[in-house]
Amino acid sequence: MADSNITKNALANSMKSLMKEKPFDKISVIDICSGCGMNRKSFYYHFKDKYDLVNWIFYMDFITYVGQAQYREGWDLLIIVAKMFYRDQDFYRAAFRIEGQNSFRDYFCESMVPIVSYFIDDPDSDNEDRETMVSAFCDAYLAIMERWLINGCPVGPEEYIRKIRKMFRAIAK
């Protein structure tokens, strides 16, 4: 298992480096493997494709950051996600530009659904309303984070989420 993580991390580091240099659609599995001295067989043993690798990078970052924090409310978790994006903003900026099936954007939204569902507290809503709220919030959070990254993260993660929270509260009134 340790060897597997070493291999996956080497491939992930290669992918991160490549995504700083060129667009995702111009990166091949051969490029990724060359960047860490591995062969294609090793890559495909661990990942289905390069989309799977990008999503694995997010998953590992997410588990690492989220697993170490305490949350009083959902906003605390959103700050953790923002900190994660801020720490590796070149990678995540490029990841948000990936289009198509199995894109990072889709994976990010899918990952956020159970978390946002857990924190939505509206006893008056039925399941359909709840699903609509969760979906709308995940889509909004995706767009908000993407814009922040594309603009070069002009404010820190805590300050940015504080502003977003204030905006959502104003809209809710």
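Hi everyone, let's start with one residue: E158 is partly exposed, at 41% relative accessibility. Before I go on, please keep in mind that this is a predicted model.

So who is the partner of E158? E158 forms a salt bridge with K83, and their closest N and O atoms are 3.1 Å apart. Because E158 sits in helix α9 and K83 in helix α5, this pair ties together parts that are 75 residues apart in sequence. K83 is partly exposed too, with a relative accessible area of 31%.

How many salt bridges does a search of the whole structure find? The count is 7, and I'd like to show you two others.

Have a look at D88 and K16, which form a salt bridge with the closest N and O atoms 2.8 Å apart. D88 is in the loop between α5 and α6, while K16 is in helix α1, so here the pair ties together parts 72 residues apart in sequence. Are these two buried or exposed? D88 counts as buried, at 12% relative accessibility, and K16 counts as buried as well, at 17%.

Next come R105 and E146, whose side chains meet in a salt bridge at 2.4 Å, N to O. R105 belongs to helix α7 and E146 to helix α8, so the pair ties together parts that are 41 residues apart in sequence. R105 is partly exposed, with a relative accessible area of 27%, whereas E146 is buried, at 16%.

Now let's move on to the pockets. The largest pocket holds about 500 Å³ of space. Its lining is made of 16 residues, and W75, F119, I120, F137 and F168 lie nearest the centre. Which helices supply at least two residues each to that lining? They are α5 (74–87), α7 (104–119), α8 (127–150) and α9 (157–172). Helix α9 gives the most, with 5 residues. By class, the lining has 12 nonpolar, 1 polar and 3 charged residues.

The second largest pocket has a volume of about 210 Å³. Here 13 residues form the lining, with K22, P23, F24, A94 and R97 nearest the centre. Helices α1 (2–21) and α6 (89–96) each supply at least two of the lining residues, and the largest share, 3 residues, comes from α6. What classes of residue line this pocket? There are 6 nonpolar and 7 charged residues, and no polar ones.

That's my tour, so thanks for listening!

Note on methods. Residues numbered from 1 in each chain as written. Predicted model: local features only at pLDDT ≥ 70, side-chain atom pairs only at ≥ 80, totals over all residues. Heavy atoms only, no water. 1 Å grid on protein atoms, 1.4 Å probe; cavity = no way out; pocket = protein on both sides within 12 Å on 5 of 7 lines; lining within 4 Å. Points joined across faces, edges and corners; volume = space filled by probe spheres on them. Helix = DSSP H or I, 4+ residues; strand = E, 2+ residues; numbered from the N terminus. Nonpolar A, V, L, I, M, F, W, Y, C, P; charged D, E, K, R; others polar. Salt bridge = Lys/Arg side-chain N within 4 Å of Asp/Glu carboxyl O. Buried < 20%, exposed > 50% of the residue type's maximum accessible area, 1.4 Å probe, protein only.
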